[in-house]
Amino acid sequence: MSAMTNIETNGKSTVSTATIPASASVQSAAVQSRGIDLPLLKLGAAGEAVRFAQQRFIANGYRIGFNGQYGPQMKAAVEHFQRNYGGLVVDGIIGENTWRVLCDGDAEFRRLGRTFRVRFQTTKYPYDVNMPELYQGSVGDAVECLQLRLYDNGFFLFIDGIFGPKTLEVVKAFQRREGLKVDGIVGVQTWRKLGE
């Protein structure tokens, strides 16, 4: 079995292929292949993934526009966050490490949001960068983000990047609680609720 993975290198996405033996366990395969990644977001991007990131910033006190557009204000918010959170490269790009903190959220994140002020500028980029659809059997950083958001919403589960039976059960419970279609598939509407 081969797995394609995107690897972030100085803001550029490259594709790498890893060969995983068919006999490898799911957990072993997840370690060898990062699986489904979250999209790299930077100035000029637009879509559901940007909308989700904006929801995470807004939920943590950042006063930014909510339009799914990664414009100058969003870039400034990301740079502010990266500069002040600690341990993140300040490049204005939402890559693997910045995504991890956005998905998790904590008191430090919320404190930083209260100190950010940059004027909003209207942008009109093509709306084509989306969050990945996840379902049982998915593995990778996107599943880890899903699990962190579910945990933050009061559900207990392991944060291991593997969409197994327990994650499926919790996704369905979350969908039921939020009045969404209960199908265990994490699509646009489920990501939107998780972003709040």
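**Surface, interior and salt bridges of a predicted model**

The protein exposes about 9800 Å², and carbon and sulfur atoms supply 53% of this area. The structure is a predicted model. Of the 196 residues in the protein, 48% are buried. The protein holds 8 helices and 2 strands. Read from the N terminus, the order of these elements is β-β-α-α-α-α-α-α-α-α, so the two strands precede the helices, where strands and helices are runs assigned by DSSP and numbered from the N terminus. Among contacts between residues at least 6 apart in sequence, 58% join residues at least 24 apart.

One example of two residues that are apart in sequence is given by Gly95 and Leu40. These residues are separated by 55 positions in sequence, while their C-alpha atoms are 5.2 Å apart in space. Gly95 belongs to the loop between helix H3 (72–85) and helix H4 (96–104). The relative accessibility of Gly95 is 5%, so this residue counts as buried, the cut-off for burial being under 20%.

A further loop contributes to the surface. Phe156 lies between helix H6 (141–152) and helix H7 (165–177), in the loop that joins them. Phe156 has a relative accessible area of 59% and is therefore exposed, since the exposed class begins over 50%. Together with Tyr151, Phe158 and Ile159, Phe156 makes a nonpolar surface patch of about 490 Å².

The interior was searched for enclosed space. Across the whole structure, 2 cavities of 30 Å³ or more were found. The largest cavity contains about 50 Å³ of space. Its lining is made up of Gln54, Ile64, Gly65, Asn67, Gln69, Gly71, Pro72, Gln73, Met74, Phe120, Gln121 and Thr123. Helix H3 gives the most to this lining, with 3 residues.

Salt bridges were examined next. The search of the whole structure gave 10 of them. In one, the side chains of Arg192 and Glu48 meet at 2.6 Å, taken from N to O. This pair links distant parts of the chain, as Arg192 is in helix H8 (residues 188–195) and Glu48 is in helix H2 (residues 48–59), with their positions 144 residues apart in sequence. The two partners fall into separate classes of accessibility: Arg192, at 26% relative accessibility, counts as partly exposed, whereas Glu48, at 11%, counts as buried. The cut-off of 20% lies between these two values, which means that the pair is divided by it.

Helix H2 also contains Gln55. The relative accessible area of Gln55 is 9%, and this residue is therefore buried. When neighbours within four places in sequence are left aside, Gln55 is in contact with Phe66, Trp191, Arg192, Gly195 and Glu196. Arg192 thus appears both as a contact of Gln55 and as the salt-bridge partner of Glu48.

Other salt bridges join residues within one helix. The side chains of Arg100 and Glu96 meet in a salt bridge with an N to O distance of 3.6 Å. Because Arg100 and Glu96 are 4 residues apart in helix H4, about one helical turn separates them. Both residues are partly exposed, Arg100 at 32% relative accessibility and Glu96 at 30%. The pair also forms part of a network of salt bridges, in which Glu96, Arg100, Asp141 and Glu144 are linked.

In helix H7, a salt bridge is formed by the side chains of Lys166 and Glu169. The N to O distance in this salt bridge is 3.6 Å. Lys166 and Glu169 are 3 residues apart in the helix, so their separation is about one helical turn. Lys166 counts as partly exposed at 40% relative accessibility. Glu169 is likewise partly exposed, with a relative accessible area of 49%. This value for Glu169 does not pass the cut-off of over 50% for an exposed residue, so Glu169 stays in the partly exposed class.

Terms used: Residues are numbered from 1 along each chain as its sequence is written. This is a predicted model: local features need pLDDT of at least 70, side-chain atom pairs count only at pLDDT 80 or more; totals for chains, interfaces and linings use all residues. Side-chain values use heavy atoms; hydrogens and water are left out. Buried means under 20% relative accessible area, exposed over 50%, partly exposed in between (1.4 Å probe, protein chains only). Contact means heavy atoms within 4.5 Å. Accessible areas come from the Shrake-Rupley method with a 1.4 Å probe; for residues, only the protein chains shown count as cover. Patches are made of residues with over 30% relative accessible area and no salt bridge: like charges are joined within 9 Å, nonpolar side chains (Val, Leu, Ile, Met, Phe, Trp, Tyr) within 5 Å. A salt bridge is a side-chain nitrogen of Lys or Arg within 4 Å of a carboxyl oxygen of Asp or Glu. On a 1 Å grid over the protein atoms alone, a cavity is a set of points where a 1.4 Å probe fits but cannot get out, and a pocket is an open set with protein on both sides within 12 Å along at least five of seven lines; lining residues have an atom within 4 Å of a point. Grid points are joined across faces, edges and corners, and a volume is the space filled by probe spheres set on the points.
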